[in-house]
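Q: Can you walk me through this one? I'd like to start with what a polar contact is.

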Amino acid sequence: HFSYNSPPASTISKNPEGIKMETDQTRLAYLDNIRNFLVYNVVLLHILQIFAYPLLFWWAVIDKAGSSRFYETGLIAMDIYLMPCLLFIAALFIFPSLKKVTPLEYMKNRFLRLCVPVIVFLFCAGDIFFQLLLTRLNSIPPTYLETFLNFWRSFANMPAIYFSGSEKTLYDLSFNFQYAWFLTFLFFITLVVVLLSLPFRRKNSAPKEADSRNKIIFKTIIFAAVLGFVYVAAMVYYVGHHINSSWWLIIGKVVQFRLNSIWLLLPLFLGGLYVYKKEWLTRGDIGSWKIWGGMSFILLAIYALLYHVRILPVFDEILKVFEHNMMFNDKMAMPVVTLSVKHVILVTWILLPLICVFLLMFFLSFAKRFFDKPNAITTFCSKHSINVYILHYIPVLLLQYAFMNVPIPPIVKIILMTIIIIPACLWLSHRLVYPYPKIAIAFFIALKLIALAAGFTFYYFALLALIFISFTGAVYESARYMVVRKQIK
């Protein structure tokens with residue numbers, strides 16, 4: 001962890017029982033709190049996907065009876081801001097980090113932190129999604145070893161430029177990075193920034209006058225408007241050339257991104273670099289959270305309403321036909337999208353970038369106003385946030401599968417999965433992955449090799465046991481920590 005214009009040194013508090021929590025004063029605490037919020041939002045997003053049929057008919061575990069258009073609308077709204085805002089936050093810390101270490105050391109650390117977990121995930125668990133999907137689709141699913149070999153065979157046969165999502169049937173097993181795309185994407189765009197900054201590394205520019213509040217707000221609105229124009233132009237181009245904007249592009253077998261979201265990801269990442277260079281967050285006034293919140297939530301409400309009332313009823317019927325055609329030989333004709341619905345879609349294209357930028361500014365201004373004081377809990381969560389992002393995906397899939405036929409309401413399943421997965425991942429990171437990364441890697445690889453010989457049922461129950469052991473450990477240590485705190489007071 002590196003500081004962002006850091007003032008004083010960190011303080012460490014210990015209790016008599018040996019439970020240590022650190023409070024780092026060298027960071028802008030509200031940025032860590034925003035990142036925590038976004039990462040744990042990603043966990044919730046993946047949990048909700050079991051109840052988003054037919055929008056996500058391709059998801060490994062689908063509960064059709066429990067699905068609701070409200071969950072679909074919620075997922076569409078969350079998809080607007082999550083990854084672009086995470087990239088913006090990541091961009092803020094690149095240049096401060098380069099002041100602490102050499103570019104080579106920095107990229108080595110980034111590779112170990114971002115790329116190595118992706119490699120381990122893909123080997124140990126990249127095929128679990130497809131094993132669960134094929135189990136759902138087939139009365140007699142393939143063996144786990146067959147799924148593993150087919151997964152890596154598809155990787156070996158993948159061309160340098162590949163569109164994931166262009167498969168003809170749901171039974172096609174094709175390699176993709178799944179949720180881990182974000183980590184390799186972040187690594188490579190960071191690498192580009194570091195390389196381009198090398199010629200200017202030793203040049204110290206003279207201090208400049210900070211932008212005024214009105215100038216920052218004006219620049220932000222102009223940026224959002226231009227971004228909206230570019231995004232709409234890109235979507236119109238895709239439609240005109242019959243390109244499915246929801247496809248994922250995989251380049252060189254190492255970088256993956258969705259065709260529509262790239263027009264938000266890159267601008268927001270570059271925006272983070274610009275905000276750091278202009279010192280908007282340390283010397284400037286980015287405006288009131290009430291202003292940004294009002295604008296963003298009004299536009300988001302309009303956007304969600306348009307999707308819920310006008311677009312999703314049409315999309316749901318189209319996606320059901322897509323699902324049928326990807327599963328059966330008797331192809332169905334696609335429903336016709338009326339001109340009025342196309343106009344509504346165009347409006348949402350215009351709104352989406354505006355909502356993303358304004359929500360980002362709301363998060364920054366709101367967190368700076370109310371959540372800028374570090375404490376032991378938020379510092380702990382921030383320390384392990386990347387590991388939670390890395391670890392959460394498989395517990396989500398396995399618990400969705402475990403809860404699939406349990407006769408309880410969907411909202412109860414969502415709450416249970418959330419309160420199990422997040423503490424379990426935090427504890428596993430705190431006790432194994434963060435302090436002993438090499439042992440963690442060896443453990444997961446060994447478990448995977450055993451599973452290839454023993455079968456998926458063994459792997460499923462072994463990972464479930466690990467999840468619940470981690471959850472139990474988290475509950476025990478949390479309770480112990482709270483008891484000690486009360487004793488100290």
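A: A polar contact is a pair of N or O atoms within 3.5 Å; within protein, one must be able to donate a hydrogen and the other to accept it. Keep in mind that this is a predicted model.

Q: OK. Which backbone oxygen lies 2.6 Å from a polar atom of the side chain of Thr 190?
A: That of Leu 186.

Q: Where is Thr 190 placed?
A: Thr 190 is in helix α7, residues 181-197.

Q: Is Thr 190 buried or exposed?
A: Buried, because its relative accessibility is 1%.

Q: What does Thr 190 touch, not counting residues up to four places away in sequence?
A: Ile 94, Tyr 106, Met 107 and Phe 269. Phe 269 is one of the buried residues of α9.

Q: Let's do α9, then. How many residues does it have?
A: Helix α9 has 17 residues, 262-278. Its first and last C-alpha are 24 Å apart, close to the 24 Å expected.

Q: What covers the buried residues of α9?
A: The cover includes α2, α3, α7, α8, β5 and α11.

Q: And which residue takes a positive phi just after α9?
A: Glu 279, at about 60°.

Q: New topic. How many disulfides does a search of the whole structure find?
A: Zero.

Q: Why is there no bond between Cys 381 and Cys 425?
A: The sulfur of Cys 381 is 12 Å from that of Cys 425, its closest cysteine sulfur, so the gap is too far for a bond. A disulfide needs the sulfurs within 2.5 Å.

Q: Are those two cysteines buried or exposed?
A: Cys 381 is buried, at 15% relative accessibility. Cys 425 is buried too, at 3%.

Definitions and conventions
Residues are numbered from 1 along each chain as its sequence is written. This is a predicted model: local features need pLDDT of at least 70, side-chain atom pairs count only at pLDDT 80 or more; totals for chains, interfaces and linings use all residues. Side-chain values use heavy atoms; hydrogens and water are left out. Buried means under 20% relative accessible area, exposed over 50%, partly exposed in between (1.4 Å probe, protein chains only). Helices (H or I, at least four residues) and strands (E, at least two) are DSSP runs, numbered from the N terminus. Contact means heavy atoms within 4.5 Å. The expected span of a helix is 1.5 Å times one less than its number of residues.
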